[in-house]
Each structure stands twice: as structure tokens, then as C-alpha cells.
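Welcome! Take a moment to turn the structure around on your screen, and then read through the briefing below.

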Amino acid sequence: MHNQKTGSAMDQQPFDRKDAALVLSHILFAFGALLLGGIAGMLQGMVRGGTITLPAGIGYYELLTAHGVLMALIFTTYFIIGFLYSGVAKSLGGTLLPASRKMGWAGFILMSVGTALGTVMILLGKATVLYTFYAPLKASPWFYIALALVIVGSWFSGIGIIQSYRHWRKLHQGRMSPLFSFMAVVTMLMWMIATIGVAATVLLQFIPWSFGWVDTIQVMVSRTLFWYFGHPLVYFWLLPAYMCWYVVIPKIIGGRIFSDALARLSFLLFLLFSIPVGFHHQLMEPGISPLWKYIQVVLTFMVVIPSLMTAFSLFATFETTGRAKGAKGLFGWLKVLPWKDVRFFAPFMGMLIFIPAGAGGIINASNQMNAVVHNTLWVTGHFHLTVASSVALTFFGIAYWLIPALTNRVLTPAVNRLGIIQTIIWMVGMFFMSGSMHTVGLLGSPRRTAYTTYQDHTDAVLWMPYHVAMAIGGIILFAGVLLLMFNIVCLLRAPKGYTEYPLGETAETAEPTPKLFERWGVWVGVLVVLILFAYTIPFTEMLNNTGPGSKPWVTW
């Protein structure tokens, strides 16, 4: 409890200029990737809807690859690392360790070189392999080297965050660390353990194979290593949004964190149950026994528990805050929430959208139902509700106070209003696009395909109105991206002034947090046991029964 108050006292100081430069570089790079990815996404939607033909030999699948890589990997990773560094600096004494800052810059440079190299390869048409880069499709080896640079750079950043946290723990022995920094460490630990899988397949399989040093690649092994990383990636996107919901939103609405212990436990459960579950993305693939698919589906559903804990905690915070402000009746507290404040409105809309998004995730992870929706646009609709709505809206809400806090400027009423308009535009665009994707996916329309009527087949002709609606949604969303860019420029040129970094304090009535929650050896040990249990036998079977492997294919 005491440490939360010291974190709050630190808020009275403006941001350290060196820390602000590091964080702002990450945030602005993230939004640059969002703009480029948004252009690719809009064009892609219009092609799929049959409304335009791409000029100058630009391929649909090049755009699809660029959109996936820039939005799902680059925008999210840069924003998350910048946000985590900012909160770690504020909650652990007001400034970063010089060693942590150096690691942050080293990570930023490596990731930026990788991003530039990868984007050039995609735009040159030498890496049209989509963001999942499934073998046996082969990209230029430099694309895989670019991916490796992004991952290794992110490890440098993660080490920097853990360094600051360990230094604070050494100076404050016996005290519970600030909630934000604890959550930042969980998020980066999960990322660093999960990315071992994708790093292994890129370094040991894809790079030698794409250079021609080996003739074939084992496709099942590469996909399994990718999805060992691919599902925790979803929680790497989500946990920073949860950090905003748990720690920042209570402060913005004038309330307190409902329970520090519950927040920490939910993050530890996400750490344990997000990694050993990759097979639920491979339910339709041969070569994995049904028993192991079943075990990983059960582990997948365990994630429902911390998700429901989060929902309970957030709405408990909203209700107790509303009651403290005099709200009466069952839902009277809703009226006293700051609906006209974009810092609350955008993340709250993200929370609401996460309810149907989570329900869709349960369908995707269920063996029999997955057979109905697998490889249809339903799946694309699902992750546009999770990462492109819940996560993106929360990140937008964060940007409206984080950029002013970093630059010692203020969020003006005009930009706040524009921010609310931008949030509404985003939601309308996503309603058209994701709603159409979900519906037409149930009708059987496949994902990952360009415009085609399948020789005017009756079913495909019936899909077309939904594809047009998707294109309309994409155009509306791109208008939202442009307005966001305008708002960011306005924030960078806003009047000078002090903007608080909103870190919430725990409620006086909350139960004390058990010391066990910061026994990292215990939690990482349990995680390693779960991973070994979920993967050792099926992975050994794969290695023992690999078959001849596949030669590279370039189909474009």
C-alpha cells in the first residue's frame, strides 16, 4: 500500500527528459507503423470487396503481409515497450536506471533495423508469406533475418525493464514492488519465454533453408514452434491493455484499485496458461495426436479464469467509485463515470468489445466448433475484435495522456473531443468490418484470399455484399487512423503544462498481497513444468516422424 503512494508522489515531477526521449521514440514509431499498416489494410479490404484493382503490379498478398506484420507485430511491440518503460520509470522512483535506458535504446535500434529491412523485403515482393510466414512458402532470407533482429531487440528491452525492477527490489527489501512494474515484468517474461519458439524456428530452420544451405524444412515442426509463440503473442498484446484497465483507469475516474492481490494473481495466471496452449491453433492439422490437442484445449480454457477475475475487479472499481460519489440504484454508478474524457472512454469501449471478442475466442479454441470456422473470415473478424479493437482502443486512450505527460504539454478540450470522435469512428468502422467478417465466415467465405467469385459460384456471389461491407468498414477505420495522426500532431504541439502520469492507489479495504506473488522462481518453475508437460512428448513424436520435409515454394 505504501509503495503505491510513493509512486503517486513521484507523479508531481515532470518526466525525466532522457526517459521521455526513449519512450516517445517507441510510441511515435508505433504510430508510424500503424499508419503504413492502415494504408495496406484499407487497400486490401477494397480489393477483397472488388471495388479497386491495384496499380503498378502491387500484389494483394504483399499488402496482406505488410498489414499483418506492421499492425500485429511492429505497432503493438513498439507501443507496449514504450508504455512499459514509461510506467516502470514512474513507479520505480521517477527515472530509469542508466543501464536500463541503454538496453532500451539498444533494443530500439535493433528492432528498427529489423523493421526497415523486413518492410523493404515485403514491398519488393520478396516476402509475400503473410505474417504467419508458414513453410513451405519461402521468403528472402533477409526477411527472416529482419524478424530475428526484431525479436532480439525486444529481448534487450525486456532485460532493461527487469534490470530496473531488480534494482528497486534490492533497495527495498521486504516490500511489495509497485503494481505497474510487477505487471511489466510479467508481460516481458512471458514475451521472452514465448519468443524462444519463433527465434528457434527462424534461426535453426528458416534461415538455413532460405539460403539454400539445407534442401528441405520440416513443416509441422516449424508451425508448432511458431504457435508456441503465436498464442502468447495475443496475451502480450492484451496484458498492457489490462495494465491500463487495472492501474490507470481507477486513477482517471477518481477511484482506487479494487485489489492489488487479485490484479497480481490474474497476471500470474495469464503467465502460466498463455504459453502451453499453441495446439489450439493447430486443431485441424495432422501429425498431432488428439490427446495432446485435448490437453492444450483444456489449458486454453483455464485463461477464462483470470479474464473473469479482471472483469470482476474492473466493474468492482467502477461501482465502488460511483457509490463513493453518491450514485444510487443498481446501475446509478454508470452515470458518474467520466464519459466525456477520452482517457476513460476509449479504453472502456475496448473493455466492452472484449466481451464478444472473448466469446469468439472460446469458439475458436473448441475442437468441434473450430472445424466450422477454421480458415474462414470468422477468425479474421475475431482478432480484429481483440487486438484491433480492445487493445488498439486502449492504446489510443493511453496515448492521449502519455504523449502530453512525456512532452510536458496538456490534453486540450478540443483534442479530447476529437479523441472521442476518433474512438466512435473506429468502433463504427470495426462494426462494419468485423461484423461482416464474422457473418460471412459462418457462411464459409475463406480468409487469406484476394477478390474472387470462384467462377460465379452461387455461394461466392452471396458473400460479395459482406465483402463490400468489409471494404466500407476498412475505409471508415482508415479515416479513424488519419484523425488519430492529426490528434497526435496536435498533442505534440499542445500548450505547455503539467500532465499527471495516472498511477492508481490500492483501496484501503483491500486484503494485503501475499509475498508468494513475487517469488519468481516458483512461478517460472511452474510455467516450465507446464510447457514441458504440454510439448515434450508431442514434439518428440514430431521429430521422430518428420518425413522427407518440403522444398521451398515461391508462388508469386
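**A first look at the chain**

A search of the whole structure turns up 0 disulfides. As a reminder, a disulfide is a covalent bond between the sulfur atoms of two cysteines. Please keep in mind that this is a predicted model.

**Two cysteines to find**
- C244 has a relative accessible area of 0%, so this cysteine is buried, the cut-off being under 20%.
- C490 comes to 22% relative accessibility, which means that C490 counts as partly exposed rather than buried.

**Helices and overall shape**
- If you count the secondary structure elements of the chain, you get 16 helices and 0 strands.
- For 556 residues, a compact globule would have a radius of gyration near 24 Å, and the chain agrees with this at 23 Å.
- The C-alpha trace spans about 65 × 50 × 45 Å along its principal axes.

**Inside the fold**
- How much of the chain is buried? Of its 556 residues, 61% count as buried.
- Among contacts in the chain with a separation of 6 or more, 85% are between residues 24 or more positions apart.

**Surface and charge**
- About 21,700 Å² of the chain is exposed, and 70% of that area comes from carbon and sulfur atoms.
- The chain carries 33 positive and 17 negative charges.
- If you take the mean position of the positive charges and that of the negative charges, the two points lie 7 Å apart.

Key. Residues are numbered from 1 along each chain as its sequence is written. This is a predicted model: local features need pLDDT of at least 70, side-chain atom pairs count only at pLDDT 80 or more; totals for chains, interfaces and linings use all residues. Side-chain values use heavy atoms; hydrogens and water are left out. Helices (H or I, at least four residues) and strands (E, at least two) are DSSP runs, numbered from the N terminus. The radius of gyration is taken over C-alpha atoms; the globule rule is 2.2 Å times the number of residues to the power 0.38. Buried means under 20% relative accessible area, exposed over 50%, partly exposed in between (1.4 Å probe, protein chains only). Contact means heavy atoms within 4.5 Å. Accessible areas come from the Shrake-Rupley method with a 1.4 Å probe; for residues, only the protein chains shown count as cover. Lys and Arg count as positive and Asp and Glu as negative; His and the chain ends are not counted. The place of a charge is taken as NZ of Lys, CZ of Arg, CG of Asp or CD of Glu. A disulfide is a pair of cysteine sulfur atoms within 2.5 Å.
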